[in-house]
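Visitor: Please take a close look at the pairing of aromatic rings here, and then set what you find in its surroundings.

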Amino acid sequence: MNTFETLQKHFETVAGALLIMNQYEIEKAVQIFKQVRDGNNTVWLVGNGGSASTASHFANDLEKMAWIKAISIPDMLPKILAYGNDNGWERMFSDTLERNIRQGDVVVAFIGLPVRTANDLRVRVADVNPGSETPLTVLREGQSLSLRV
């Protein structure tokens with residue numbers, strides 16, 4: 001397969017994926033991001049392994065292109081390493097999030113399980129294998145948003 005054929009196949013694959021995306025869910029996500037921006041709230045992103053770079057990149061894109069305050073917790077390396085060292089590596093993300101999240105920034109589900117307390121989040125994060133991609137649901141102004149971190 002030559003370069004042109006390879007590109008054409010890739011574009012067809014991308015076009016096919018775009019056609020099956022749930023446009024209602026995309027619109028819900030857009031509305032949530034607008035509420036975050038308009039309310040001067042924050043999008044918190046978590047990722048481990050390769051997903052840490054995705055979280056960093058997405059936080060950068062949200063701030064640069066959409067004027068939405070976004071923080072990638074893996075980019076807070078000294079802080080997460082300090083919490084990991086002092087409190088246990090399974091708590092490095094949850095402790096960082098717990099001490100920085102504010103009213104209006106709510107995590108409601110992690111790996112598909114409800115999060116009702118900070119301890120729930122710690123337990124859920126501890127159960128995740130490093131480098132794995134994990135579903136996270138956040139609630140912003142009454143609207144639910146599903147993410148993969």
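Guide: The answer starts with the basis of the model and its overall make-up, turns to the rings, and then moves outward to other sites.

This is a predicted model, in which local features need pLDDT of at least 70 and side-chain atom pairs count only at pLDDT 80 or more, while totals for chains, interfaces and linings use all residues. Residues are numbered from 1 along each chain as its sequence is written, and side-chain values use heavy atoms, with hydrogens and water left out.

The protein has 6 helices and 6 strands, where helices (H or I, at least four residues) and strands (E, at least two) are DSSP runs numbered from the N terminus. Along the sequence these elements follow the pattern α-α-β-α-β-α-α-β-β-α-β-β. Of the 149 residues, 34% are buried, a term that stands for under 20% relative accessible area, with exposed meaning over 50% and partly exposed in between (1.4 Å probe, protein chains only). Among contacts (heavy atoms within 4.5 Å) between residues at least 6 apart in sequence, 53% join residues at least 24 apart.

Now to the rings themselves. The structure holds 1 aromatic pair, and the planes of F33 and F58 stand at 75° with the ring centres 6.1 Å apart, so the pair is edge-to-face. The rule behind that label is that rings of Phe, Tyr and Trp (its six-membered ring) pair if their centres lie within 6.5 Å, and that planes under 30 degrees apart count as stacked, over 60 as edge-to-face and the rest as tilted. The pair links distant parts of the chain, since F33 belongs to helix 2 (residues 23-38) and F58 to helix 3 (residues 50-66), with their positions 25 residues apart in sequence. The two partners also fall into separate classes of accessibility: F33, at 16% relative accessible area, is buried, whereas F58, at 32%, is partly exposed.

Following helix 2 away from the rings leads to a nonpolar patch on the surface, formed by V14, L18, M21, I26 and V30, with about 390 Å² of accessible area together. Such a patch is made of residues with over 30% relative accessible area and no salt bridge, nonpolar side chains (Val, Leu, Ile, Met, Phe, Trp, Tyr) being joined within 5 Å and like charges within 9 Å; the areas come from the Shrake-Rupley method with a 1.4 Å probe, and for residues only the protein chains shown count as cover. Helix 1 (3-20) and helix 2 each supply at least two of the patch residues, and V14, placed in helix 1, is partly exposed at 36%. For the protein as a whole, the accessible surface comes to about 9300 Å², of which 56% belongs to carbon and sulfur atoms.

A charged pair comes next. R37 forms a salt bridge with D38, the closest N and O atoms being 3.6 Å apart, and the structure holds 1 such bridge, defined as a side-chain nitrogen of Lys or Arg within 4 Å of a carboxyl oxygen of Asp or Glu. R37 is partly exposed at 37%, while D38 is exposed at 61%. In the loop between helix 2 and strand 1 (43-45) sits N40, which has a positive phi of about 55° although it is not a glycine, and which is exposed at 55% relative accessibility.

The loop between helix 3 and strand 2 holds W67, another residue other than glycine with a positive phi, near 55°; W67 is exposed at 72%. S72, by contrast, lies in strand 2 (residues 70-72) and is buried at 3%. A polar atom of the S72 side chain lies 3.4 Å from the backbone nitrogen of S56, and, leaving aside neighbours within four places in sequence, S72 is in contact with L45, A52, A55, S56 and A59.

One further site lies later in the chain: N100, in helix 5 (residues 92-100), is partly exposed at 24%. N100 and W44 are 56 residues apart in sequence and 9.4 Å apart in space, C-alpha to C-alpha. Not counting residues up to four places away in sequence, N100 touches W44, M76 and K79.

How values were computed
A polar contact is a pair of N or O atoms within 3.5 Å; within protein, one must be able to donate a hydrogen and the other to accept it, and residues adjacent in sequence count only if both atoms are side-chain atoms.
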